[in-house]
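Work through the exercises below with the model open beside you. Try each task before you read its solution.

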Amino acid sequence: MVIKIEIYELLKALSMQKKCFKPIYEKYYDETSPYKESFAKFVSRTTKSSFQMYWIIDNSTKVGQIWIATKNDTAKLARLFVLPNKGYAAKAIIDIEKLYSQYYHWRLDTIKEEKKNVHLYQKLGYKPNGKEKIINDKMKITEFEKEINDE
């Protein structure tokens, strides 16, 4: 289940983000990592009407977050992270795609070297679009897209 993150929960949300991204930061030393993000930058997203942040909930426990940015006919999984994963990410993506069912074109990007993430997105129908960005000598960001047909 996913529910919107309220303004009064932003400090807790940032704390979870730092906890989830610390191991990734320590692996790749990406200076643009969400682990390094300031509270001001974190909060600044909440002023955009095209952007929403959601808690991923399991048995009333907050286990992660999924963020959505929308523009025209496209929805982007802007960020997704979970505490020790037990299938939460896949369920959250399915839930958010249902919640935003008016969007047929979906995008996301992920760390190419994180094979579990790449596998998850491909399993859910996302396909690489060929766009990549080199972050450093250890890490590339690769983009994925998915078309959802209302059949």
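**Exercise 1. A residue in helix 3**

Asp95 lies in helix 3. Helices (H or I, at least four residues) and strands (E, at least two) are DSSP runs, numbered from the N terminus. This is a predicted model: local features need pLDDT of at least 70, side-chain atom pairs count only at pLDDT 80 or more, and totals for chains, interfaces and linings use all residues. Residues are numbered from 1 along each chain as its sequence is written, and side-chain values use heavy atoms, with hydrogens and water left out.

Task: is Asp95 buried or exposed, and which residues does Asp95 touch?

Solution.
- Step 1. Take the cut-offs: buried means under 20% relative accessible area, exposed over 50%, partly exposed in between (1.4 Å probe, protein chains only).
- Step 2. Asp95 has 16% relative accessibility, so Asp95 counts as buried.
- Step 3. Look for contacts, meaning heavy atoms within 4.5 Å. Asp95 touches Met1 and Val2, leaving aside residues up to four places away in sequence.
- Step 4. Place Asp95 in its helix. Helix 3 covers residues 88-99, 12 residues in total. Its buried residues include Tyr88, Ala92, Ile96 and Glu97.
- Step 5. Check the span. The expected value is 1.5 Å times one less than the number of residues. Helix 3 reaches 16 Å from its first C-alpha to its last, close to the 16 Å expected.

**Exercise 2. The sheet**

Task: what is the strand order, and which strands stand at the edges?

Solution.
- Step 1. Apply the pairing rule: two strands pair if DSSP finds at least two bridges between them.
- Step 2. Seven strands form an open sheet in the order 1-2-3-4-5-7-6, with mixed pairing.
- Step 3. Strand 1 (2-4) and strand 6 (127-136) each have a single partner strand, so one side of each has no neighbour in the sheet. These two strands are the edges.
- Step 4. Compare directions. Axes are lines fitted to C-alpha atoms, for helices over the stretch in contact, and angles run from 0 to 180 degrees between N-to-C directions. With direction ignored, neighbouring strands of this sheet are turned by 30° against each other on average.
- Step 5. Add the helix. Helix 4 (residues 115-123) packs on the sheet and touches strand 4 (74-82), strand 5 (105-111), strand 6 and strand 7 (139-147). The direction of helix 4 makes about 165° with that of strand 5.

**Exercise 3. Bridges**

Task: how many bridges join strand 2 to strand 3, strand 5 to strand 7, and strand 6 to strand 7?

Solution.
- Step 1. Strands 2 and 3 run antiparallel, joined by eight bridges. Ile56 has Gly64 in strand 3 as its bridge partner.
- Step 2. Strands 5 and 7 run antiparallel with seven bridges. Arg107 stands opposite Glu145 in strand 7.
- Step 3. Strands 6 and 7 run antiparallel with six bridges. Glu132 has Thr142 in strand 7 as its bridge partner. A hairpin of two residues joins these strands.
- Step 4. Inspect Lys133, found in strand 6. Lys133 is exposed, at 56% relative accessible area. Lys133 touches Met139, Lys140 and Ile141, not counting residues up to four places away in sequence.

**Exercise 4. Aromatic rings**

Task: how many aromatic pairs are there, and what does the pair of Phe51 and Trp67 tie together?

Solution.
- Step 1. Set the rule. Rings of Phe, Tyr and Trp (its six-membered ring) pair if their centres lie within 6.5 Å; planes under 30 degrees apart count as stacked, over 60 as edge-to-face and the rest as tilted.
- Step 2. By this rule the model holds 10 aromatic pairs.
- Step 3. Phe51 and Trp67 are one edge-to-face pair, at 5.6 Å centre to centre with 80° between the planes.
- Step 4. Phe51 is in strand 2 (residues 51-58) and Trp67 in strand 3 (residues 61-71), so the pair ties together parts 16 residues apart in sequence.
- Step 5. Both rings belong to buried residues: Phe51 has 9% relative accessibility and Trp67 has 0%.
- Step 6. Phe21, Phe42, Phe51, Trp67 and Phe81 form one aromatic cluster.

**Exercise 5. Positive phi**

Task: where do Asn59 and Asn72 lie?

Solution.
- Step 1. Most residues other than glycine have a negative phi.
- Step 2. Asn59 has a positive phi of about 50°. Asn59 lies in the loop between strand 2 and strand 3 and is exposed at 68% relative accessibility.
- Step 3. Asn72 has a positive phi of about 55°. Asn72 lies in the loop between strand 3 and strand 4 and is exposed at 69%.
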